[in-house]
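Let's take a friendly walk through this model together. Have the sequence and the 3D view open, and follow along residue by residue.

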Amino acid sequence: MPGFSDYVENATLNWLRGTAMPTAPAGMFVGLFSSDPTDAATGGTEVTTTIRAAGRPSATFGAPNAAGTIANTALVDFGSAAAPATVSHYAVFDAASGGNKLFSGALTASKSVSAGDPVSFAIGALTLTSD
C-alpha cells in the first residue's frame with residue numbers, strides 16, 4: 001500500500017502540535033525506482049531519467065473520496081523509454097527534480113522496461129489512502 005513519506009508524516013505531526021504546515025506543493029511529479037525509495041527518501045535508485053531524459057512528469061490528483069483516497073486524474077506519461085530499466089516502485093515529489101518525497105508505493109509487479117516501450121500510469125492507477 002502506498003504510504004506517506006517521513007517528510008509528510010513529520011509535517012502533519014508538527015501541525016497537530018501547533019506548528020504551521022509547509023506550503024502546499026505547487027505541483028506533484030512522479031519518479032520511478034528500481035527498489036524501495038523508503039519513507040525517509042534515502043533508499044532506492046531512481047531510474048526516471050534512464051526512461052525519460054526530461055525527468056519526472058507532473059501528475060494531477062483529485063479530491064479525496066469518502067474512503068480518504070486520492071488518485072491521479074490524468075494519464076501520467078513518461079513516453080517511450082529511452083533506455084532499458086527495471087521498475088519496482090514509484091514516488092511522488094513536490095519538484096520535477098530534487099524536492100521532497102511526498103508518498104511512494106510498490107508496483108503490483110516489478111517491470112522490465114525495454115528501450116522504446118511506452119511507460120505510463122493510467123488514470124486512477126496512482127493512489128494514496130490516508131487512514
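L16 is found in helix 1, which covers residues 6–16. Please keep in mind that the model you are looking at is predicted. Is L16 buried or exposed? Its relative accessibility is 62%, so L16 counts as exposed, the cut-off for that class being over 50%. If you would like a sense of distance, look across to T48: this residue is 32 places from L16 along the chain, and 34 Å separate the two C-alpha atoms.

Now step to the loop between strand 1 and helix 1, where you will find S5. With a relative accessible area of 1%, S5 is buried. Which residues does S5 touch, once its neighbours within four places in sequence are left aside? The contacts are D39, K101, L102 and F103.

Next comes the sheet. This is an open sheet of 5 strands in the order 1-7-6-2-3, with antiparallel pairing. Strand 1 (3–4) and strand 3 (58–59) are the edge strands, each pairing on one side only. Inside that order, strand 6 (residues 85–93) and strand 7 (residues 101–113) run antiparallel and are joined by 8 bridges. To find your place in this pairing, pick out H89, whose bridge partner in strand 7 is A106.

The aromatic residues deserve a look too. How many aromatic pairs does a search of the whole structure find? The search gives 4, among them the two listed here.

| Pair | Distance between ring centres | Angle between planes | Arrangement |
|---|---|---|---|
| F33 and F93 | 6.3 Å | 25° | stacked |
| F78 and F121 | 6.3 Å | 65° | edge-to-face |

Take F33 and F93 to begin with. F33 lies in strand 2 (residues 28–33) and F93 in strand 6, so the pair ties together parts that are 60 residues apart in sequence. Both of these residues, F33 and F93, are buried. F93 has another partner as well: the charged end of R56 sits over the F93 ring, 3.5 Å from its centre.

Turn now to F78 and F121. Their planes stand at 65°, so the pair is edge-to-face, since angles over 60 degrees fall in that class. F78 belongs to strand 5 (residues 76–80) and F121 to strand 8 (residues 118–121), so this pair links distant parts of the chain, 43 residues apart. F78 and F121 are both buried. Together with Y90, F78 and F121 form one aromatic cluster.

Terms used. Residues numbered from 1 in each chain as written. Predicted model: local features only at pLDDT ≥ 70, side-chain atom pairs only at ≥ 80, totals over all residues. Heavy atoms only, no water. Pairing = 2+ DSSP bridges. Helix = DSSP H or I, 4+ residues; strand = E, 2+ residues; numbered from the N terminus. Buried < 20%, exposed > 50% of the residue type's maximum accessible area, 1.4 Å probe, protein only. Contact = heavy atoms within 4.5 Å. Phe/Tyr/Trp six-rings, centres within 6.5 Å; stacked < 30°, edge-to-face > 60°. Lys NZ or Arg CZ within 6 Å of the ring centre and 35° of its normal.
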